[in-house]
Amino acid sequence: VDSVTDVLSGTGDDLISATEIRIWPTLVNDGKVNIFTTSRNPILFVEVYDTKGRKVAVHQPNNSSLNQTIELPVAKGTYFIKVHTRLKTSAAKVLRL
């Protein structure tokens, strides 16, 4: 994904692929989101954006990890998560209730 605008508009040509990266749950009460890469493509870092396209958080794993749990901001609302791995960048929409 080149930008959050691509995610917001749905025009990104590299959105989440279920075979590469899984992000769950997409409806969150406690703010915790799990990220799992099914390939041997470790997570480099994860960015969280709000609906206005502002970067509100960056998470970096402590080691080369295929799994990571991140914490969304406290405010309820819609967030866009960009997962950067060695081979690709993918994005998903998550709603904090």
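Which residue forms a salt bridge with glutamate 47, and how far apart are the closest N and O atoms? It's lysine 55, with those atoms 3.0 Å apart. Keep in mind that this is a predicted model. Here's a quick tour of the chain, which has one helix and eight strands, starting with the overall layout and coming back to the charged pairs at the end.

**Overall layout**
- Reading from the N terminus, you meet the elements in the order α-β-β-β-β-β-β-β-β.
- The chain has 97 residues, and 43% of them count as buried.
- If you take contacts between residues at least 6 apart in sequence, 54% of them join residues at least 24 apart.
- About 5500 Å² of the chain is exposed, with carbon and sulfur atoms supplying 49% of that area.

**The three-stranded sheet**
- One open sheet has three strands in the order β1-β3-β6, with antiparallel pairing.
- β1 (21–24) and β6 (67–71) sit at the edges with a single partner strand each, so one side of each has no neighbour in the sheet.
- From one strand to the next, the twist averages 20°.
- β1 and β3 run antiparallel and are joined by four bridges; here isoleucine 23 has isoleucine 35 in β3 as its bridge partner.
- On the β6 side, β3 (residues 32–37) makes five bridges, again in the antiparallel sense, and phenylalanine 36 is partnered by asparagine 67 of β6.
- In a regular strand, side chains alternate between the two faces of the sheet.
- You can see this along β1: Ile21 and Ile23 point to one face and are buried, while Arg22 and Trp24 point to the other face and are not.

**The five-stranded sheet**
- The other open sheet runs β2-β8-β7-β4-β5, and its pairing is mixed.
- Its edge strands are β2 (27–28) and β5 (55–59); each has a single partner strand, so one side of each is left without a neighbour in the sheet.
- β7 (residues 77–85) and β8 (residues 89–96) pair antiparallel over eight bridges, with lysine 82 matched to alanine 91 in β8.
- β4 and β5 are also antiparallel, paired over four bridges, and valine 46 stands opposite histidine 59 in β5.
- Five residues lie between the strands of the β4 and β5 hairpin, where glycine 53 takes a positive phi near 85°.

**The nonpolar core**
- The largest nonpolar core counts 16 residues, and those with the most contacts inside it are Ile23, Val33, Ile35, Leu72, Ile81 and Val83.
- Two or more residues of this core come from each of β1, β3, β4 (43–49), β7 and β8.
- Isoleucine 81 is a good place to zoom in: leaving out residues up to four places away in sequence, its contacts include Ile23, Val33, Ile35, Val46, Ile70, Leu72, Ala92 and Val94.
- Glu47 and Ser90 are also among the residues that isoleucine 81 touches.

**Salt bridges**
- Searching the whole structure turns up two salt bridges.
- In the pair from the opening question, lysine 55 is partly exposed, with a relative accessible area of 46%, whereas glutamate 47 counts as buried at 7% relative accessibility.
- The other pair is aspartate 50 with arginine 54, whose side chains meet at 2.8 Å, N to O.
- Aspartate 50 has 10% relative accessibility and counts as buried, while arginine 54 is partly exposed, with a relative accessible area of 49%.

Note on methods. Residues are numbered from 1 along each chain as its sequence is written. This is a predicted model: local features need pLDDT of at least 70, side-chain atom pairs count only at pLDDT 80 or more; totals for chains, interfaces and linings use all residues. Side-chain values use heavy atoms; hydrogens and water are left out. Two strands pair if DSSP finds at least two bridges between them. Axes are lines fitted to C-alpha atoms, for helices over the stretch in contact, and angles run from 0 to 180 degrees between N-to-C directions. Buried means under 20% relative accessible area, exposed over 50%, partly exposed in between (1.4 Å probe, protein chains only). Contact means heavy atoms within 4.5 Å. Accessible areas come from the Shrake-Rupley method with a 1.4 Å probe; for residues, only the protein chains shown count as cover. A nonpolar core is a set of buried Ala, Val, Leu, Ile, Met, Phe, Trp, Tyr and Cys residues joined through side-chain atoms within 4.5 Å. A salt bridge is a side-chain nitrogen of Lys or Arg within 4 Å of a carboxyl oxygen of Asp or Glu.
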